[in-house]
Amino acid sequence: MTQPNTQPSTVPESDPHRPADDREEVYFNGSPKLRGEIFTFSIYALVGIGLAVGGYFGFRVAWWLGLALVLAGACMFFVPLILTKSVRYRISNYRVDVESGIFSRNIDTLELWHVEDIKLHQSLSDRILGVGRIIIVSADQTTPRLELRDLPDPRPLFEQMKQRIIAVKRQRGVIKVDVG
């Protein structure tokens, strides 16, 4: 009589479906902050006010023209909000996902081991508002330059990403070779 095998089965190292060594950790998940678009919001607000004032005087010409201009002016206040909320970033220790679109959705993924350079940019107004932009230059063919705009408190995220890019490249054995 043979005894059943009670040993747990181990997955060989060469198996591509083995569990990952490291779990994915999300550093940031959200939309750009509207406060970073204060200049854009101001422009749209001025145009909206102009249309509303034009609509007020348009009521004297034709009621439908005035109503259309007032409604268009009111809608202008919501354009920056809609454009900002139509983009969503998910930054983890392995990849950056950018989900965008209002009516249809596009998701673009950039693996961190493709990254060649990473930059942080904060204008004076960005520093005052507590937002910034991280620019990623990569060897990825579909996304050679990725700009993550209006991120809240971007410095710690930038530092985390810099360190993680180095670690991921080391894990994958990526070596930079300068030709020339």
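These legends walk through several close-up views of a predicted model.

**View 1. The whole chain, end to end.**
Here's the full protein chain, with five helices and seven strands. Reading from the N terminus, the order of elements is β-α-α-α-β-β-β-β-α-β-β-α. Of its 180 residues, 28% count as buried. If you take the contacts between residues at least 6 apart in sequence, 54% of them join residues at least 24 apart. About 12,500 Å² of the chain is exposed, and carbon and sulfur atoms supply 59% of that area.

**View 2. The four-stranded sheet, β1 to β4.**
This open sheet has the strand order β1-β2-β3-β4, and its pairing is antiparallel. At the edges sit β1 and β4 (106-111), each pairing on one side only. From one strand to the next, the twist averages 10 degrees. Zoom in on β1 and β2 and you'll find four bridges holding the antiparallel pair. One spot to look for is Phe28, which stands opposite Ile91 in β2. Lying across β1, β2 and β3 is α5, which runs at about 130 degrees to β1.

**View 3. The three-stranded sheet, β5 to β7.**
Now for the other open sheet in this set: three strands in the order β5-β6-β7, again with antiparallel pairing. The edge strands here are β5 (115-121) and β7 (145-152), and each has a pairing partner on one side only. Strand-to-strand twist averages 20 degrees. Helix α5 (residues 154-172) packs on this sheet and touches β5, β6 and β7, with its direction at about 170 degrees to that of β5. As a general reminder, strands of a sheet pair through backbone hydrogen bonds, either parallel or antiparallel.

**View 4. Bridges on both sides of β6.**
On one side, β6 (residues 131-138) pairs with β5 over six bridges, in the antiparallel sense. Lys119 has Ile135 of β6 as its bridge partner. On the other side, β6 and β7 run antiparallel and are joined by six bridges. Follow the chain from β6 to β7 and you trace a hairpin, with six residues between the two strands. In this pairing, Val131 stands opposite Pro152 of β7.

**View 5. The largest nonpolar core.**
Which residues touch the most other members of the largest nonpolar core? Out of 19 residues, they are Val96, Ile134, Ile136, Leu148 and Met161. At least two core residues come from each of β2 (87-92), β3 (95-100), β5, β6, β7 and α5. The biggest giver is α5, with four residues. Centre the view on Ile134 and check who's around: beyond its neighbours within four places in sequence, its contacts include Ile118, Leu120, Leu146, Leu148, Leu151, Leu157, Phe158 and Met161. Lys119, Glu147 and Pro154 are also among the residues in contact with Ile134.

**View 6. Ser31 in its loop.**
Ser31 lies in the loop that links β1 (26-30) to α1 (38-58). Is Ser31 buried or exposed? Its relative accessibility is 9%, so Ser31 counts as buried. The side chain of Ser31 reaches the backbone oxygen of Val87 at 2.9 Å. Setting aside neighbours within four places in sequence, Ser31 is in contact with Thr84, Lys85, Val87 and Arg88.

**View 7. Two aspartates with positive phi.**
Most residues other than glycine have a negative phi, which is the reason to pause on this pair. Asp150 has a positive phi near 55 degrees, and it isn't a glycine. You'll find Asp150 in strand β7. With a relative accessible area of 2%, Asp150 is buried. Asp153 is likewise no glycine, yet its phi is positive at about 45 degrees. Where does Asp153 sit? Asp153 belongs to the loop between β7 and α5. Unlike buried Asp150, Asp153 is exposed, with a relative accessible area of 52%.

Note on methods. Residues numbered from 1 in each chain as written. Predicted model: local features only at pLDDT ≥ 70, side-chain atom pairs only at ≥ 80, totals over all residues. Heavy atoms only, no water. Pairing = 2+ DSSP bridges. Axes fitted to C-alpha atoms, helices over the stretch in contact; angles between N-to-C directions. Contact = heavy atoms within 4.5 Å. Buried < 20%, exposed > 50% of the residue type's maximum accessible area, 1.4 Å probe, protein only. Polar contact = N/O pair within 3.5 Å; in protein donor to acceptor, adjacent residues only side chain to side chain. Core = buried A, V, L, I, M, F, W, Y, C linked by side-chain atoms within 4.5 Å. Areas by Shrake-Rupley, 256 points an atom, 1.4 Å probe, with all protein chains shown as cover.
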